Amino acid sequence: YDTGYPPEGEGVCTDVIWYAIDNAGYNFKAMIDKDIELNKEEYKLIDIIDPNIDFRRVSTQYTFLKRYVESYSTDYEDIMEFNPGDILTFDDADHIAMVSDKRNAKGIPYLIQNRDETQEEKEEDRLEITDMEITGHFRFTYNNDIKKLIKSI
């Protein structure tokens, strides 16, 4: 897409993340674009920089999150570690989703995600039944590194 952003009603798993972070008051695309510009060597899967798509790749978001935000337990049974708005990556960089404020009867949080075109609801009780391994658990919070990056934009 010319602006990088998909049309209303279209999207993939990464769109859930940038949309939520943007709605929290941060320009996630601009932050990722700037970090790629300054630290391209950290983004191993980017051969040619393309701001129209780079921020919509799971591997790019995963790399950015590992560099800038706090990491937490990936064991979903450690339910006290999972807060609404936390970001989970699966199978390293195959999928990304957000933790919901809704929980099942066991206290396991629901996921907010775009997993495939057959999905009827975006908020789902799937964390226990997914065949993917949680390989990242991140909490996006304003910190000195984010502050410094924003100032450089």
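## A quick tour: pocket, core and loops

About 430 Å³ of space lies in the largest pocket of this structure. Of the 16 residues lining that pocket, E10, D15, V16, Y19 and N114 sit closest to its centre. Keep in mind that you're looking at a predicted model. The points below go from the pocket to the helices beside it, then to the cores, the aromatic rings and a few loop residues.

**The pocket and helix α1**

- Helix α1 gives the most to the pocket lining, with 5 residues.
- Plenty of α1 is tucked away too: C13, T14, D15, V16, I17, W18 and I21 are buried.
- What do those buried residues of α1 pack against? Their partners are α2, α3, β2 (87-90), β3 and β4 (109-112).
- Just after α1 comes G25, which has a positive phi of about 105 degrees.

**Zooming in on V16**

- V16 is part of helix α1, and it is among the residues closest to the centre of the largest pocket.
- Is V16 buried or exposed? Its relative accessible area is 15%, and buried means under 20%, so V16 counts as buried.
- Setting aside neighbours within four places in sequence, V16 is in contact with M98, I112, Q113 and N114.
- One of those partners shows how the chain comes back on itself: V16 and I112 are 96 residues apart along the chain, yet their C-alpha atoms are separated by 7.6 Å.
- Another partner, N114, also turns up in the list of residues closest to the pocket centre.

**Helix α2**

- Why can we call α2 largely enclosed by the rest of the structure? Because 8 of its 11 residues are buried.
- The buried ones are F28, K29, A30, M31, I32, K34, D35 and I36.
- On the packing side, these residues of α2 meet α1, α3 and α4.

**The nonpolar cores**

- In soluble globular proteins, nonpolar side chains tend to be buried together.
- Here, the largest nonpolar core has 26 residues, and I17, F28, M31, F64, I87 and F140 have the most contacts inside it.
- Which elements give two or more residues to this core? They are α1 (13-23), α2 (28-38), α3 (58-68), β3 (95-103) and α4 (144-152).
- Apart from this core lies another one, made of 9 residues, including I108, L111, L127 and I134.
- F140 is a good residue to click on: leaving out residues up to four places away in sequence, it touches I21, Y26, F28, M31, F64, L65, V69 and I146.
- Of those neighbours, I21 is a buried residue of α1, while F28 and M31 are buried residues of α2.

**Aromatic rings**

- A pair of aromatic rings is described by the distance of the centres and the angle of the planes.
- How many aromatic pairs does the structure hold? There are 8 of them.
- One aromatic cluster is formed by Y26, F28, F64, Y68, F140 and Y142.
- That cluster overlaps with the largest nonpolar core, since F28, F64 and F140 are in both.
- A charged partner shows up elsewhere: R139 lies over the face of Y72, at 3.8 Å from the ring centre.

**Loop residues worth a look**

- Between β2 and β3 there is a loop, and D91 is in it.
- D91 has a positive phi of about 50 degrees, although it isn't a glycine.
- With a relative accessible area of 28%, D91 is partly exposed.
- D92 sits in the loop between β2 and β3 as well, and its phi is also positive, near 65 degrees, in a residue other than glycine.
- At 44% relative accessibility, D92 counts as partly exposed.
- Moving to the loop between α2 and α3, you'll find D50, which is partly exposed with a relative accessible area of 31%.
- D50 and D15 are 35 residues apart in sequence and 16 Å apart in space, C-alpha to C-alpha.
- I53 lies in the loop between α2 and α3 too, and it is partly exposed at a relative accessible area of 27%.
- How far apart are the C-alpha atoms of I53 and T130? They are separated by 27 Å, with their places 77 residues apart along the chain.

Notes
Residues are numbered from 1 along each chain as its sequence is written. This is a predicted model: local features need pLDDT of at least 70, side-chain atom pairs count only at pLDDT 80 or more; totals for chains, interfaces and linings use all residues. Side-chain values use heavy atoms; hydrogens and water are left out. Rings of Phe, Tyr and Trp (its six-membered ring) pair if their centres lie within 6.5 Å; planes under 30 degrees apart count as stacked, over 60 as edge-to-face and the rest as tilted. A charge sits over a ring if NZ of Lys or CZ of Arg is within 6 Å of the ring centre and within 35 degrees of the ring normal. A nonpolar core is a set of buried Ala, Val, Leu, Ile, Met, Phe, Trp, Tyr and Cys residues joined through side-chain atoms within 4.5 Å. Buried means under 20% relative accessible area, exposed over 50%, partly exposed in between (1.4 Å probe, protein chains only). Helices (H or I, at least four residues) and strands (E, at least two) are DSSP runs, numbered from the N terminus. Contact means heavy atoms within 4.5 Å. On a 1 Å grid over the protein atoms alone, a cavity is a set of points where a 1.4 Å probe fits but cannot get out, and a pocket is an open set with protein on both sides within 12 Å along at least five of seven lines; lining residues have an atom within 4 Å of a point. Grid points are joined across faces, edges and corners, and a volume is the space filled by probe spheres set on the points.
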